[in-house]
Amino acid sequence: MKKNFKFISVGVCAFLLGVGINNVALSDIANTKIAVVDVQKVVASSAQVKALKSEQQQKVRKLQTFVEEAKKSVAGTNDAAKKKVLEDKYNKELRSKTAALEADYAKRLKDIDKSISNTISAQAKAKNYNIVLAKGVVLYGGDDITADIIKNAK
């Protein structure tokens, strides 16, 4: 009989402890403020992104001009050996310019991404949000702070 009493006592204590922990966890969830951000809209509205795209288009046009001039130069050469040397030279230069263009673009895009993330973080802290999620992953709920992020993004 003592064994049954101890077993029942331990079972009741474990149940009460579980209920207590569950209530604490649920009380934290009830006080959690959640925000959502339409990241695609923020990126599309970013002046930094628009400027980067414009600069990138100009650089690509310059690269296309380089390729056209290189083709003309190679086509204007009749000597096969000189033609091969020119092709190799222009191909090497094109690869170098393309790699530099891509590296610069990736670095600047990463900096813009960091800037937007910092803006989102600052807005979340200023408005006491505990969690910020991308709008695309939230089916219902959360305060949409997209307009604030667009307004405060550099």
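**Exercise 1.** Which residues make the nonpolar surface patch of about 320 Å²?

*Solution.* This is a predicted model, where local features need pLDDT of at least 70, side-chain atom pairs count only at pLDDT 80 or more, and totals for chains, interfaces and linings use all residues. Residue numbers run from 1 along each chain as its sequence is written, and side-chain values use heavy atoms, with hydrogens and water left out.

Step 1: the patch is made by Ile34, Ile131, Leu133 and Val137. Patch residues have over 30% relative accessible area and no salt bridge, with nonpolar side chains joined within 5 Å.

Step 2: look at Val137, in the loop between strand S2 (131–134) and strand S3 (143–144). Val137 is exposed, with a relative accessible area of 62% (exposed is over 50%, buried under 20%, 1.4 Å probe).

**Exercise 2.** Find the aromatic pair and place Phe66 and Tyr90 in their helices.

*Solution.* Step 1: the whole structure has one aromatic pair. Phe66 and Tyr90 sit edge-to-face, 5.9 Å centre to centre with 75° between the planes (centres within 6.5 Å make a pair, planes over 60 degrees apart are edge-to-face).

Step 2: Phe66 is in helix H3 (residues 47–75) and Tyr90 in helix H4 (residues 80–126), 24 residues apart. Both are buried.

Step 3: check Phe66 for a charge too. The charged end of Lys97 sits over its ring, 4.1 Å from the centre (NZ of Lys within 6 Å of the ring centre and within 35 degrees of the ring normal).

**Exercise 3.** Which lysine has its charged end over the ring of Tyr129?

*Solution.* Lys33 does, at 4.7 Å from the ring centre.

Methods: Rings of Phe, Tyr and Trp (its six-membered ring) pair if their centres lie within 6.5 Å; planes under 30 degrees apart count as stacked, over 60 as edge-to-face and the rest as tilted. Helices (H or I, at least four residues) and strands (E, at least two) are DSSP runs, numbered from the N terminus. Patches are made of residues with over 30% relative accessible area and no salt bridge: like charges are joined within 9 Å, nonpolar side chains (Val, Leu, Ile, Met, Phe, Trp, Tyr) within 5 Å. Accessible areas come from the Shrake-Rupley method with a 1.4 Å probe; for residues, only the protein chains shown count as cover. A salt bridge is a side-chain nitrogen of Lys or Arg within 4 Å of a carboxyl oxygen of Asp or Glu.
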